[in-house]
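Work through the exercises below with the sequence and the model open. Each task is followed by a solution in steps.

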Amino acid sequence: MNKKLLFVVLIFLTLAGLNAWGQDTYKNGIPVYTHTPPGDFFREWLVCGPFPNPLPPGVTEYRHDSTSLGFYRDYLKAFGGETGIKPYAGMKIPRPDGRIVVWRRIRSYFPQIVLDPVMNPPDSSVAYATAIVRVDSARDVMMKVSSNDGIRVWLNGKMILDHNTSGTDTPDRDFVPVHLNSGDNLFPLKISEGFGRWGFFFRLADIEVAQQEIAQQIPYLIRPTIQKIPEGWSIFAGQKYRTELLPEEKSCTLTVLAPDGHTPEITFKTLLGSSVFLSKDDPRLSPGEHLVNCRIFLENGHVASENGWLYNREPETIQAIWKEFQSVSDPDSTTFEGWAHHLIRDCFRSQIGDELKNGNVPAFRLFRLADVVHRYQDWEQRLAGDSCPYDHIFPKPKKIALQKDRPFHLSKSLFVIDETGGACQADVQRLAESLTPKWSAALTAVSKGHPTPALILGTRAQIPKIRRLAADFSVSFMNKEAYFLKISSDRIVLIGATVAGLHNGLITLKQIFDRWDILPAVEIQDWPSYPVRTAFIYTPGKLDEKAKSRLLQFVDLKYNQLILPTLGYFQLQNPQERARVQAYFNFLRRFHVEPVPYIALPGSEDWNEAVFLRDEPLIFKADTARLSVKHLLNLPDSHPLLASARAQDKNRTLFREGRDYKIVSLDPPIFRRLPGSKIANGDSVFFTGDIYDPREARFHKPCPSEPRVYAAQADAIQATVKLLHPKTIHIGHDEVGLVNADSRCQKRGLPGYELFAEQLNKAFQNVKDADPNIDVELWSDSINPYHNAAQIHLEKTADLLTRRFIVAHWFYDVNSPKEVDLMEKGLDFFLRHGFRVVVCPWEHLTNHQFWEKLLQTYSLHNPNVLGIMHTEWSGKDWGKAPTAMIGWCGKTWLTE
């Protein structure tokens, strides 16, 4: 054994001794845990199911309430019931449809018990699981569980947790103190499932350690939990199953705000983790919707607050909202305005259509949707009665001043005087190509004289020349993308603050001429509200006419940046891929849209974060032992071990690869016993090593401690910069599933947030090493303590990052006041930390509405609010119209 391998072996032995596997025996087939170290996950259970979890007629989406009928039905009633069941391996339970399901043992290699592979059907179901904890003396511990979706837990016949909720794939959502009796303690669980991933986490921890963990997360746990009851509302101060367990009492103030969202109506002084009652007949409570704010003082003197929500009037039904939406006539989709409005209607059709299909729509969503539909109806009615053609430009210009001059009549020839020398030639060519078929008119370039009718083009630098060609005019530019458009009887003057502004003006002019040939005299001054108007779109194929047409939609919507994700940046040595990627960049730049490469850290089965298993039992049968996982890591710094006993056994033997066994397959892992081995057929051995399996987590990201990841990304960035010279690179990195889970990370002894911050800073440096002038962008959620970061203990990551990152802050749902509150808290967090930010709506107009409000609030005083990003997932591209509208106009019908 060489020195390097010996070092790896010693590291593995150290890690293995930290958390020994605690399941030691069985009782009637039920796993019995006797020496489980605090914090270890329970990975073996006796399970039974699936049983039906139906919804009532007319409801098709799980809301995790009383409509989840199977969650509240006792399928074990004939066998002692859920409180009295005494299960054993092989016990048969009939389902309502007559099918028999059997209690059987399952074992997971991962912290989460994933039920999908062992349950049929895996959706619209509930299942039971049970384990025994055996202690030699009575004690109190903290149970820490998570589930996807809802969960019920009993201990020795008494229900200790009843939490019907939407699912999570992160551990430790619910904390419950439990008392273990001396001897055996039976834990039956019931886990519900609607659709998607199904599973649960379970572990026991020291109470004081768990309480300190809760105390450290207090700023993120104070949102009021509000339950409507017949007499009014029960308002719980904070997150249930957390704040009531604080080691010390913490005072707080609960304030019910008026429907304006600002004026206090009712105030309660209470303690975190306690409940207050609000009567529906309280005379201080006005009709309408109310935010309920919970406010505390932190030890550092700062104030933390979070909002809940209640209402005391009934919302419109989803059927009434749909009817009101349908009362607005479909637009004429042959015009650009009509096409854009049609996309907005697609947003409504998608959102309202889903709600109609799903049924049982929560009140908060009904209020939000009704508000947006009312605003949309008013907007369309105003436009229908507006005869000014310039009010029908999309997005609408900022300032439109009609003049008393005669209108401009488009003739067979329009002379073009371009003082920029062709800086926007692609835009001029598009304008020419649209005029001929529509109006049989042609653009004719001239360089001398004063022909009419004329189109005079220039930028701020050419204004003195333009004044000699046209009547006097007054113009000022709000930013570098602004333009000035003056239409008079015999000429059109179009001036951009820069070439980018001239491009925007030509886009507007093309939209006008696509619809009208007689134009009222006007002066238009226009500019975008935000400097970044970007979109994240997939471009997998060649740049054919269909792909060009799609890109031009974003050009016409006045986007100025497109983020293009493709593996092609790692394949630029391939001439065909290099030509394909370069064609997209060249095409967009012709129209003054800057392409942004999306070059995330690359992953693979060996490079992704793996899971470190300690003392996992294997049995050699017919000279072979197998691990039922996807892949085994066998690397210089991650080498598997086989031993005769667990790490705590002083007499255990380490078997030698090449003498006692050999690894014959990594994918899947297979070990073969060698002749003369110390391992006999039928022997149990104990495996320690890193494994990778897509079942473990929904999202897999590269290991922060794997150096080949950074080298591969650096090569791709260097090649991309050399060929394409981008101004910005997006490095991705959203929805991180695992951090600090394998031996490569654990042996470094750093917390997960330090490892993750180091990874992101290295990716940032890869870009700066290629070109220090390039901006670097990343997704927000995994560094946002008000989003995914807090769920995987990465909430301190942002503190360790360079502030030169641009953060793409996304939050797609506004299903509850919690999500609305988290959207704002995340934006405020990043701006206070000094990051530049773009916000990212998706398809729903309720989501767009709240982003627009936040942009208006924060952009007034903070230049680090850069703009807005359209994102496309699952082919849902219709949000690009409202996103463009917000990015250009700033304030739209969504918030007016």
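The exercises concern a predicted model and cover two sheets, a pocket, a cavity, a salt bridge and some backbone details.

**Exercise 1. A four-stranded sheet**

Determine the strand order of the open sheet that contains S20 and S21, identify its edges, and describe the helix that packs on it.

Solution.
1. The four strands run in the order S18-S17-S20-S21, and their pairing is antiparallel.
2. Strand S18 (264–271) and S21 pair on one side only, which makes them the edge strands.
3. Ignoring direction, neighbouring strands of this sheet are turned by 20° against each other on average.
4. Between S20 and S21 there are nine bridges in the antiparallel sense. Within this pairing, Leu 291 stands opposite Trp 309 in S21.
5. Helix H6 packs on the sheet and touches S20 and S21. The direction of H6 makes about 85° with that of S21.

**Exercise 2. The loop between S20 and S21**

Locate His 302 and list its contacts beyond its neighbours within four places in sequence.

Solution.
1. His 302 sits in the loop that joins S20 and S21.
2. With neighbours within four places in sequence left aside, His 302 is in contact with Ile 296 and Phe 297.
3. As a check on distance, take Leu 502: 200 residues separate it from His 302 in sequence, and the C-alpha atoms of the two are 48 Å apart in space.

**Exercise 3. The second largest pocket**

Give the volume of the second largest pocket, then describe its lining by residue, by element and by class.

Solution.
1. The volume is about 920 Å³.
2. The lining consists of 30 residues. Those nearest the centre of the pocket are Gly 261, Leu 291, Val 820, Phe 850 and Lys 853.
3. Two or more lining residues come from each of these elements: strand S20 (289–297), strand S21 (303–311), helix H6 (363–384), helix H16 (817–832) and helix H17 (845–859).
4. Sorted by class, the lining has 12 nonpolar, eight polar and 10 charged residues.
5. Link this to Exercise 1: Leu 291, which stands opposite Trp 309 in S21, is one of the residues nearest the centre of this pocket.

**Exercise 4. The cavity**

How many cavities of 30 Å³ or more does the structure hold, and what lines the largest cavity?

Solution.
1. There is one cavity of 30 Å³ or more.
2. The largest cavity has about 50 Å³ of space.
3. Its lining is made up of Thr 539, Leu 564, Thr 566, Tyr 569, Arg 580, Val 581, Tyr 584 and Phe 585.
4. Helix H11 (residues 575–590) contributes the most to the lining of the largest cavity, giving four residues.
5. By class, five of the lining residues are nonpolar, two are polar and one is charged.

**Exercise 5. A seven-stranded sheet**

Write down the order of the seven-stranded open sheet and find the bridge partner of Tyr 483.

Solution.
1. The order is S22-S30-S27-S28-S26-S24-S25, with mixed pairing.
2. The edge strands, each pairing on one side only, are strand S22 (399–402) and strand S25 (442–445).
3. On average, neighbouring strands of this sheet are turned by 15° against each other, direction ignored.
4. Strand S27 (residues 483–487) and strand S28 (residues 491–496) are paired in the antiparallel sense over five bridges.
5. Tyr 483 has Gly 496 in S28 as its bridge partner.

**Exercise 6. A salt bridge within a helix**

Where do Arg 349 and Asp 346 lie, and how far apart are their closest N and O atoms?

Solution.
1. Both residues belong to helix H5 (residues 336–358).
2. Arg 349 and Asp 346 are three residues apart, about one turn of the helix.
3. The closest N and O atoms are 3.1 Å apart. The cut-off for a salt bridge is 4 Å, so the pair Arg 349 and Asp 346 counts as one.
4. The salt bridges counted by this rule come to 50.

**Exercise 7. Backbone exceptions**

Place Pro 121, Ser 124 and Pro 395 in their loops and describe the backbone there.

Solution.
1. Begin with the general expectation: most residues other than glycine have a negative phi, and most peptide bonds are trans.
2. Pro 121 is in the loop between strand S7 (113–114) and strand S8 (125–135). The peptide bond from Asn 120 to Pro 121 is cis, and its omega is near 5°.
3. Ser 124 also lies in the loop between S7 and S8. Phi of Ser 124 is positive, near 50°.
4. Pro 395 is in the loop between H6 and S22. The peptide bond from Phe 394 to Pro 395 is cis, with omega near -10°.

Definitions and conventions
Residues numbered from 1 in each chain as written. Predicted model: local features only at pLDDT ≥ 70, side-chain atom pairs only at ≥ 80, totals over all residues. Heavy atoms only, no water. 1 Å grid on protein atoms, 1.4 Å probe; cavity = no way out; pocket = protein on both sides within 12 Å on 5 of 7 lines; lining within 4 Å. Points joined across faces, edges and corners; volume = space filled by probe spheres on them. Nonpolar A, V, L, I, M, F, W, Y, C, P; charged D, E, K, R; others polar. Pairing = 2+ DSSP bridges. Axes fitted to C-alpha atoms, helices over the stretch in contact; angles between N-to-C directions. Contact = heavy atoms within 4.5 Å. Salt bridge = Lys/Arg side-chain N within 4 Å of Asp/Glu carboxyl O.
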